[in-house]
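This report introduces selected features of a multi-chain model to a reader who has not met it before. The sequence and structure are shown first, and the description follows.

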Amino acid sequence: MIASARTHARRKATNYIMIALCGLATLAAVGVLLLVVGYTLLQGIAYLNLGFVTQTARPLGEPGGGMRHEIVGTIVLVGLASALGIPVGLLAGTYLSEFGGRVGSVVRLVADVLTGIPSVVVGIFVYVVLVRPMGTFSALSGAVALAIIMLPVVARTTEEMMKLVPQTYREAALALGIPRWRVIVSVVVPGAMVGIVTGSMLALARIAGETAPLIFTALGNRFGFAGLDEPIAALPLQIWRYAVSPYDTWHQQAWAAAFLLVMLVLVISVLVRWLTAWRRG
Amino acid sequence: MPRVDFDRHLHSLQDDLLVLGSMVEKAIAKALDALKRRDLQASRHVVQEDDAIDQQRFQLEEHCIELIATQQPMARDLRTLITILHIAVELERMGDYAEGIGRISLMMGDEPPLKPLIDIPRMAEKATDMLRRSLDALINRDTIAANGVCKDDDEVDALYDQVYRELLTYMIQDPKSIQRATYLLWVSHDLERIADRATNIAERVIYLVTGKLTEINVSKY
Amino acid sequence: MIREERTPQSEKAAPHSGPCIVSEGLGAWYGSLQALRNISMSILAKRVTAVIGPSGCGKSTFIRCLNRMHEVVPAARVSGKVLLDGEDVYAPGVDPVEVRRRVGMVFQKPNPFPTMSVFDNVAAGLKLNGLRAPGGLAERVEKALRQAALWDEVKDKLKQGGAALSGGQQQRLCIARALAVEPEVLLMDEPCSSLDPIATARIEDLVRELCDRYTIVIVTHNMQQAARVSDMTAFFLMGQDRAGELIEYGETQQVFTNPKDERTEAYITGRFG
């Protein structure tokens, strides 16, 4: 039965309204991102120059200065955390995907719970387990805390990406008389590689911005890298310290640093997209 | 049970084959009757009606080939189609022999018969009976009946021997009778060939049922 | 397209070759579900053996038992023996990896490794096996590709990804990959089901060529293909309890013109069910 002209008109109107609503919602979502980027940019513009990245902090009252120590600190922390968290996460994810079983179900459950633990709790845990026995705040304990946060994310992403590799490739490799471990290393992992890399990069972007765990472990350090067993500076830590201070210049520096962090996350996300598209094409 | 369409085709093919068989049977009877009664008109009809027999055979053949190409028959279905194809050829050749008898009848024309026909009609009756029984064996897929047909060919061969010797005697005694004797010789030869072809049909029926190709009866001539 | 000359099956039937793989009382289970019961058959060397039967009758399970791929599925198990040149491949202490080097497999959907080039795909069995390749890897790869009738089409594309080839070419690539490790037996699980008729015809010709050197077992649900390509045919059927059984095994020309078992006849003439 063909709808009457009136029903048709009503359907068209409903269609347009819904499209408009979807459009508005999208604008809202994108708008938030633009606001964040824009606002941090505007507020910190005074300090967004090369000096910010290359110079260390100047005493209060003096213009200029930068956050070189903090940037280096973040790089060290994130780097060390990745070196600890990614390999373990990879192996755990591989076990979950390729060997599964009852043990696997338990491990999976633990990983999922771990993802949900607030990062501040992780920080306190590492404080008790590492900082107290060591007798000092340290870069190492900061990296360990970040690694603990990163680990379940990497493990689960690795597992999911490896599960996406069709079983037929494993069978083809096994049928060639290739031992199982070799099948995993040379056929499954390369097939899941792009997904694993993107998962790891997203985990990396997340821990780059973690502040709470660092409060109890890395502490912060105004004097640059002093060794893994010494406190170390980090961008998010410093943003927080500057933001709660009463000084305007520090506020501005905090904005600038925030902008840097947002840019870092943005760049990583864009890189992830580009990598995925490149692989698919 | 699947392949309903194919089964329907197979049944109609077999029916068509039986129609061809009965056409040939009638042609043989008509040719012999015309020969006995010296009915030249009837003989002429026999010759003309052979066309219909040829047509029926070609249609059957085409139908078989079409089914082979489109239905991918296997095992028993394949043997059935091949058997029907072969039997159609044998029947058509039998029809040709009946036509031959008709032609001979026409050639004999108004000449008085050489001798009363006794053995030749008996050969015709036997050959026609063998034809009928071989087709019955096909319908019932009966290998025992088929074997029986093959054995009966010996009788027809024996009758042929008899006719041959008798006509030879006539020809030696009276050279003027050679032409008429020769005509009758040809008729009996055609009838002997008809009986032979009937045994071929029986052999094909055995192949259909058992899958084995055997030559049961070797013709002496 | 001209189908190349190949040895007519009748010529090969005469000198009867010995058995290559023999299954004795083979049974297979998925957990508690029995998929195969008491399969005993002798697959002849350097012949093509086709395995036919309706869906679910255990044909694929059977050939996967021959190269110990069945046990890759969790909770799968096997009983009975499979003798490869007289030795039981399921004897304790036998390494399944070794068995699979001698008994290769080609699957239903072509599955060249997506992250490897054409060359690397064919060489995968050699490189990842740690097999020393006398005469160099490139030679072995070329030899395998020639055997699979693919060399001329890909010799300029060896570094390109395997996925750039057509379906039929991909399947021949998988065949080359399996042949590169020089197995004794090649198992093919419905290798043409996802291919068009021309690609199928090429693979069938290839199978006939290959059986001069390799013992081939091919599972197919296409009866005409089984009839065209094989020397021996085995017919499997699901029993009462859904376990597959071997109903008839004989020379292809006999099975398809005059089968011994009426169930085989019913299946072959399409009058099943």
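## A covered strand and its surroundings

In this predicted model, strand S6 of chain C is covered on both faces: C:Val103 and C:Met105 are buried on one side, and C:Gly104 and C:Val106 are buried on the other. S6(C) is joined by four bridges to strand S7 (residues 185–189) of chain C, and the two strands run parallel. Within this pairing, C:Val106 stands opposite C:Met188 of S7(C).

S6(C) also belongs to the contact between chains C and A. That contact draws 21 residues from chain C and 15 residues from chain A. On the chain C side, the elements that give two or more residues are helix H3 (96–102), strand S6 (103–106), helix H4 (118–127) and helix H7 (167–180) of chain C. The most comes from H3(C), with three residues. By class, the chain C side consists of eleven nonpolar, six polar and four charged residues.

Confidence in chain A, the partner in this contact, is given by a mean pLDDT of 89, and 98% of its residues reach 70 or more. The elements of chain A with the lowest and highest mean values are tabulated below.

| Element of chain A | Residues | Mean pLDDT |
|---|---|---|
| Helix H2 (lowest) | residues 50–54 | 79 |
| Helix H7 (highest) | residues 167–175 | 95 |

In chain B, helix H3 (residues 75–108) packs against helix H6 (residues 178–210) at an angle of about 170°, with the axes 9 Å apart. H3(B) and H6(B) are therefore roughly antiparallel to each other. Their contact comprises 14 nonpolar, five polar and seven charged residues.

Terms used:
Residues are numbered from 1 along each chain as its sequence is written. Chains are lettered from A and ligands numbered from 1 in the order in which they are written. This is a predicted model: local features need pLDDT of at least 70, side-chain atom pairs count only at pLDDT 80 or more; totals for chains, interfaces and linings use all residues. Two residues are in contact if their C-beta atoms, placed from the backbone, lie within 7 Å. Ala, Val, Leu, Ile, Met, Phe, Trp, Tyr, Cys and Pro count as nonpolar, Asp, Glu, Lys and Arg as charged, and the others, Gly among them, as polar. pLDDT is the predictor's confidence in each residue, from 0 to 100. Axes are lines fitted to C-alpha atoms, for helices over the stretch in contact, and angles run from 0 to 180 degrees between N-to-C directions. Angles under 35 degrees count as roughly parallel, over 145 as roughly antiparallel, 65 to 115 as roughly perpendicular and the rest as oblique. A residue is buried if 20 or more other C-beta atoms lie within 10 Å of its own, exposed if 12 or fewer, and partly exposed in between; C-beta atoms are placed from the backbone. Two strands pair if DSSP finds at least two bridges between them.
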